[in-house]
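Student: I'm new to this one. Can you walk me through it?
Tutor: Sure. Let's put it on screen and start.

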Amino acid sequence: MTTTTYIYMVRHGDSLKTSGNERSRTLSAQGEKDAQRVTQRLLDEGIDTLYSSPYTRAVDTIAGLAGTLGKEIHRVEDLKEKCWTEDDRTLQDPELYPFLEQMFTEPDFVLEDGGESNRVCKERAVKALKEILRNHPDERIVIGTHGMVMTLMMNEFAEEYGLDFLMQTSKPDIYRMEMKDGVLSHVQRMPLDD
């Protein structure tokens, strides 16, 4: 019998790059408003389970949905965003953009400050995602996530999810992945109502 599982990848809302390190950065005022829109968009989807990166901005983007549904958010360390630097400090976009193409063409490339390569990040995140799929067949699962790690996880199932896809995503963003027996059969972007 075929199992059909739905994964809702929820990229976090706008966050303050001045507040703390990567782990503790919070949502901006706009990010908090957008998190309410995420809740409204997913409220009637029949969500069974919620997982998230442990990073504050990812958890906070789906916290309203979890509260409304009366469900716990399971934080999984391996779903965290790519570690850009060894000390996990926040980098501004202009520091990252020149290197993004190289990161996708050379999966083992790392920035001078250390951190993870795309290959290392993808391996740990995909392992966590596959465990979630194994543990929740035929369910609808929300995953609070980040742009790069979301792209790398989706790329495991379809090559078209790469740099071009990452660059056209927004904060927040929702992608519903339909998985049949662990194989990606369809992806739908779920626009947020204004």
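**A walk through the model**

Tutor: Under the usual cut-off, the model has 0 disulfides. Keep in mind that this is a predicted model.

Student: Remind me, what is a disulfide?
Tutor: A covalent bond that joins the sulfur atoms of two cysteines.

Student: So why no bond for Cys83?
Tutor: Its closest cysteine sulfur belongs to Cys121, and that is 7.6 Å away, too far for a bond. A disulfide needs the two sulfurs within 2.5 Å.

Student: Is Cys83 buried or exposed?
Tutor: Cys83 is buried, because its relative accessibility is 12%. The cut-off for buried is under 20%.

Student: And what about Cys121, buried or exposed?
Tutor: Cys121 is buried too, at 0% relative accessible area.

Student: New topic. How is the sheet ordered?
Tutor: It is an open sheet of 6 strands, in the order β3-β2-β4-β1-β5-β6, and the pairing is mixed. The edge strands, β3 and β6, each pair on one side only. On average, neighbouring strands are turned by 25 degrees against each other, direction ignored.

Student: In what sense do β5 and β6 pair?
Tutor: Antiparallel, over 6 bridges. For example, Tyr175 has Arg189 in β6 as its bridge partner.

Student: Which helix packs on the sheet there?
Tutor: Helix α4, residues 118–135, packs on the sheet and touches β1, β2, β4 and β5. The direction of α4 makes about 140 degrees with that of β1.

Student: Now α2. Where does it bend?
Tutor: At Ile62, by about 40 degrees.

Student: How far apart are its ends?
Tutor: The end C-alpha atoms of α2 are 20 Å apart. That agrees with the expected span, because 14 residues at 1.5 Å a residue should span 20 Å.

Student: Which residues of α2 are buried?
Tutor: Arg57, Ala58, Val59, Thr61, Ile62, Leu65 and Ala66.

Student: What do they pack against?
Tutor: The buried residues of α2 pack against α1 and the strands β1, β2, β3 and β4.

Student: And what follows α2?
Tutor: Gly70, with a positive phi near 70 degrees.

Student: Last one, Thr151. Where does it lie?
Tutor: In helix α5, residues 147–155. Thr151 counts as buried, because its relative accessibility is 0%.

Student: What is Thr151 in contact with?
Tutor: Leaving aside neighbours within four places in sequence, Thr151 is in contact with Phe104, Tyr161, Gly162, Phe165 and Leu166.

Methods:
Residues numbered from 1 in each chain as written. Predicted model: local features only at pLDDT ≥ 70, side-chain atom pairs only at ≥ 80, totals over all residues. Heavy atoms only, no water. Helix = DSSP H or I, 4+ residues; strand = E, 2+ residues; numbered from the N terminus. Expected span 1.5 Å × (residues − 1). Bend = angle between axes of the 7 residues up to and from the residue. Buried < 20%, exposed > 50% of the residue type's maximum accessible area, 1.4 Å probe, protein only. Contact = heavy atoms within 4.5 Å. Pairing = 2+ DSSP bridges. Axes fitted to C-alpha atoms, helices over the stretch in contact; angles between N-to-C directions.
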